[in-house]
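Student: I should like to learn how the words used for a protein model are justified. May we set each value against its definition?

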Amino acid sequence: MNLTGWRSRRVRSVSSLALAVAALAAVSGCEQKRNTTGGGGGTATGTGTGGTVATGPILIGHYASMTGAEATFGQSTDQGIRLAIKERNAAIDAGTLKGRKITLSTLDDAGKPQDAGNAVTRLVTQEKVTALLGEVASGLSMVGGQIAQQYKVPMISPSSTNPQVTQIGDMVFRVCFLDDFQGMVMAKFAREELKAQKAAILFDQGQPYSKGLADYAEKAFKEMGGTVVTRQAYGSSDPDVSAQLSSIKEANPDVVFLPGYYTQAANIMRQARKLGITAPFVGGDGWDSDKLEEIGGDAVQGSYYSNHYSPEEDSPVVKNFVAKYKAEFGSLPDGLAALGYDAANLLFVALDKSPSLGGTDLAATIAGIKDFVGVTGTITIDPQRDASKSAVVVKVDKGRRVPVKRYAP
Ligand code: PHE
């Protein structure tokens, strides 16, 4: 999909789909409704409740890295969300679903904490969104989540895995697994499948996600009888990690854990191969982007990472989603797209069930969702507002993400 040509922080016209949604919104005259359907706006009624007359569309806010070093995170998530919205709005047109349509306002945070804070503040205080979707990166969800909590607007992170994210408060939810589990999966895979005894760890000290996942993988690997021979850190924008890699080479590990985001991870693997490090790399979900291979080339082939799903999985739900997504956007959906789709659909279930669209009612309704069948697995929101789900370790293989092993929680 063409994402070029947008300049501002606003991404509303990012796709023809978005334009269609916007056109629908204009036709139904929802614009002036915005201020009355927003977050704390208790007067707006939910759909399907007691025969109340549905009014204009419900506005959802999405804050995302549409640009920057993690741009595919935001772009993929946004596409997944937009596909879910398109399907829901079409179902209403077809008369199969009572209720109000959904419109989406996506604001770009460029992967930066301050921009994420500004985006969420604007979505909540000016655009008066009913609920928030985002962020992908845990560090950004921690910023946005504080604001969502403060204004009592429910927020669902599709994919932030750091445990602290939902600890912010009762307005903040997620639909993905957590990094204590993910770290265990990486360690177990390295120990049992790669038969690794000695591990090196190289993490991004600027990202709470990366630091947390490094800690969890280290702890689990040691508990499983492995040894961590060296632990090294880099900064989010460090172009050169040769000093850290030299130490790793010297330590001669059987495996290198690299729990960072894809741009840095790919660059690091390139440098590592040049330096003669031949040990396999194992990453986490932060590698999940087509850019990993575009940037990393041969250096990333044969590496493994844990993820929320693989488009190659042999399940009817996954196959159906992959087909629809391909038809809409012409590309294969990554894990972010799948999680964005699941988060949006789960939110719609809550919107339909909630006694009102007020933040407190809606949050309580999200908290009660059980056995929601998503593309990335079945989701039950637990008392910590988290989801307990399985992970799949995939192998990077020339454009494919071959599922190698699935781990249940
Ligand atoms: N889990 C990562 C984080 O919390 C984000 C991510 C999820 C990245 C899924 C890629 C795929 O920061």
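Tutor: We begin with accessibility: a residue is buried under 20% relative accessible area, exposed over 50%, and partly exposed in between (1.4 Å probe, protein chains only). The model is predicted, so local features need pLDDT of at least 70 and side-chain atom pairs count only at pLDDT 80 or more, while totals for chains, interfaces and linings use all residues. Residues are numbered from 1 along each chain as its sequence is written, and side-chain values use heavy atoms, with hydrogens and water left out.

Student: Why is Lys101 called buried?

Tutor: Lys101 has a relative accessibility of 18%, which is under the limit for buried residues, so the word applies. Lys101 is in the loop between α2 (71-93) and β2; helices (H or I, at least four residues) and strands (E, at least two) are DSSP runs, numbered from the N terminus.

Student: What makes the pairing of Lys101 and Asp93 a polar contact?

Tutor: A polar contact is a pair of N or O atoms within 3.5 Å; within protein, one must be able to donate a hydrogen and the other to accept it, and residues adjacent in sequence count only if both atoms are side-chain atoms. The side chains of Lys101 and Asp93 are joined at 2.6 Å, so the distance meets the limit.

Student: How do you know whether Ser105 is buried or exposed?

Tutor: The relative accessible area of Ser105 is 0%, and therefore Ser105 is buried. Ser105 belongs to strand β2, and its side chain makes a polar contact of 2.7 Å with that of Glu127.

Student: What word describes the accessibility of Asp361, and why?

Tutor: At 31%, Asp361 falls between the two limits, so Asp361 is partly exposed. Asp361 lies in helix α13 (residues 359-367). Apart from neighbours within four places in sequence, Asp361 is in contact (heavy atoms within 4.5 Å) with Ser354, Pro355 and Ser356. With Ser356 there is also a polar contact between side chains, at 2.8 Å.

Student: Which of the two words, buried or exposed, suits Lys195? Which suits Arg385?

Tutor: Lys195 has a relative accessible area of 64%, over the limit for exposed residues, so Lys195 is exposed. Arg385, at 16%, counts as buried. Lys195 has a positive phi of about 55° although it is not a glycine, and Arg385 has a positive phi of about 70°, again without being a glycine.

Student: What makes Glu328 and Lys86 a salt bridge?

Tutor: A salt bridge is a side-chain nitrogen of Lys or Arg within 4 Å of a carboxyl oxygen of Asp or Glu. The closest N and O atoms of Glu328 and Lys86 are 3.0 Å apart, so the pair qualifies. Glu328 lies in helix α11 (residues 316-329) and Lys86 in helix α2, so the salt bridge ties together parts that are 242 residues apart in sequence. Glu328 at 25% is partly exposed, and Lys86 at 38% is partly exposed as well.

Student: How do you know that Asp352 and Arg88 form a salt bridge?

Tutor: The distance from N to O is 3.0 Å, so this pair also meets the definition. Asp352 is in helix α12 (residues 335-353) and Arg88 in helix α2, so the pair ties together parts 264 residues apart in sequence. Asp352 is partly exposed at 23%, whereas Arg88 is buried at 5%.

Student: Where do Lys219 and Glu223 lie?

Tutor: Both are in helix α7 (residues 208-223), 4 residues apart, which is about one turn of the helix. Their closest N and O atoms are 3.3 Å apart, so Lys219 and Glu223 form a salt bridge. Both residues are exposed.

Student: How does the span of helix α3 compare with the expected span?

Tutor: The expected span is 1.5 Å times one less than the number of residues. Helix α3 (residues 113-126) has 14 residues and reaches 19 Å from its first C-alpha to its last, close to the expected 20 Å. Among its buried residues are Ala116, Val120 and Leu123, and the buried residues of α3 pack against β1 (58-64), β2 (102-108), β3 (131-133) and α4 (138-151).
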